Amino acid sequence: MSKLNIGIILGSTRQGRLSPQVGEWVKRIADERGDANYEIVDIADYKLPLFGEADATEQATAWNNKLNTLDGFVFIVQEYNHSISASLKNALDFAREPWNNKAAGIVSYGSVGGARAAEHLRGILGELSVADVRVHPALSLFTDFENGSVFKPADLHLVNLNGMLDQVLAWSGALKTLR
């Protein structure tokens, strides 16, 4: 069986965002495992307008085509006002079938580890027929980011990151048989 393709979705488009640092960390650890093809997928690259406000055929087609190449996902989610970013919700809404019958893990960060954003994302993923896995690295803005801007994760997060990746791969492989 060929290796699964897992997209590491950067869930923010904001200037000065921290998600690229977290995404690179996830990719580095994931690539060291050698058990799947991992790639960073930055929603900012797709320049999606607000859903329903403009003709976005070109952007939506590119976004859906990218999602169709992936077997599973790792969402890098930061907490904004106790939830996910508007840009991530918008990107989720621009696709339906490309999400179906795939698995996802969540790596979150915020003042309380991004836990509330992760819980909101789980509900949305359920509606999109994405099976989210239980293990969830939750990163603190206070202890895992130097001066709130430079990502320096504690080593203890490696256990949860690897456990989450194990689950994403197992579920993504099983769900691939349904597609």
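Biologist: Which residue in β3 does L10 stand opposite?

Modeller: Bear in mind that this is a predicted model. Five bridges join β1 to strand β3 (residues 72-78), and the two run parallel. Within β3, the residue standing opposite L10 is I76.

Biologist: And how many bridges join β1 to β2?

Modeller: Strand β2 covers residues 37-42 and runs parallel to β1. One bridge partnership to look at is G7 with E39 in β2. Counting the bridges between β1 and β2 gives six.

Biologist: What is the handedness of the β-α-β crossover from β1 to β2?

Modeller: Follow the chain out of β1, through α1 and into β2. That helix, α1, spans residues 19-33. The crossover is right-handed.

Biologist: How many of the six residues in β1 are buried?

Modeller: Strand β1 takes in residues 5-10 and is mostly covered. Buried here means under 20% relative accessible area. By that cut-off, the number of buried residues in β1 is five.

Biologist: Let's move to the rings. How many aromatic pairs does a search of the whole structure find?

Modeller: Some ring pairs link up into a cluster made of Y46, W63, F73, F75 and W99. For the whole structure, the search comes up with nine.

Biologist: Is the W25 and F151 pair stacked or edge-to-face?

Modeller: These two rings sit 5.4 Å apart, centre to centre, with 80° between their planes. Planes over 60 degrees apart count as edge-to-face. So, with its 80°, the W25 and F151 pair is edge-to-face.

Biologist: How many residues apart are W25 and F151?

Modeller: The pair links distant parts of the chain, with W25 in helix α1 and F151 in strand β8 (residues 150-151). Both W25 and F151 are buried. Along the chain, they are 126 residues apart.

Biologist: What about Y109 and F145: which strands does that pair link?

Modeller: Y109 and F145 form a tilted pair, 5.3 Å centre to centre and with 45° between the planes. They are 36 residues apart, so we need the two strand ranges, residues 102-110 for Y109 and residues 145-146 for F145. Those strands are β4 and β7.

Biologist: Is Y109 buried or exposed?

Modeller: Its ring partner F145 counts as buried because its relative accessibility is 3%. Y109 has 4% relative accessibility, so Y109 counts as buried.

Biologist: Which residues are closest to the centre of the largest pocket?

Modeller: That pocket has a volume of about 170 Å³. Its lining has four nonpolar, five polar and four charged residues. Of the 13 residues that line it, the closest to its centre are Q78, E79, Y80, Y109 and L141.

Biologist: What is the phi of N81?

Modeller: Most residues other than glycine have a negative phi. N81 lies in the loop between β3 and α3 (86-93), and N81 is exposed because its relative accessible area is 77%. Although N81 is not a glycine, its phi is positive, at about 50°.

Biologist: Where does N147 lie?

Modeller: N147 has a positive phi of about 55° although it is not a glycine. With 74% relative accessibility, N147 counts as exposed. Its place in the chain is the loop between β7 and β8.

Terms used: Residues are numbered from 1 along each chain as its sequence is written. This is a predicted model: local features need pLDDT of at least 70, side-chain atom pairs count only at pLDDT 80 or more; totals for chains, interfaces and linings use all residues. Side-chain values use heavy atoms; hydrogens and water are left out. Rings of Phe, Tyr and Trp (its six-membered ring) pair if their centres lie within 6.5 Å; planes under 30 degrees apart count as stacked, over 60 as edge-to-face and the rest as tilted. Helices (H or I, at least four residues) and strands (E, at least two) are DSSP runs, numbered from the N terminus. Buried means under 20% relative accessible area, exposed over 50%, partly exposed in between (1.4 Å probe, protein chains only). Two strands pair if DSSP finds at least two bridges between them. A crossover is right-handed if, with the strands pointing away from the viewer, the path from the first strand over the helix to the second runs clockwise. On a 1 Å grid over the protein atoms alone, a cavity is a set of points where a 1.4 Å probe fits but cannot get out, and a pocket is an open set with protein on both sides within 12 Å along at least five of seven lines; lining residues have an atom within 4 Å of a point. Grid points are joined across faces, edges and corners, and a volume is the space filled by probe spheres set on the points. Ala, Val, Leu, Ile, Met, Phe, Trp, Tyr, Cys and Pro count as nonpolar, Asp, Glu, Lys and Arg as charged, and the others, Gly among them, as polar.
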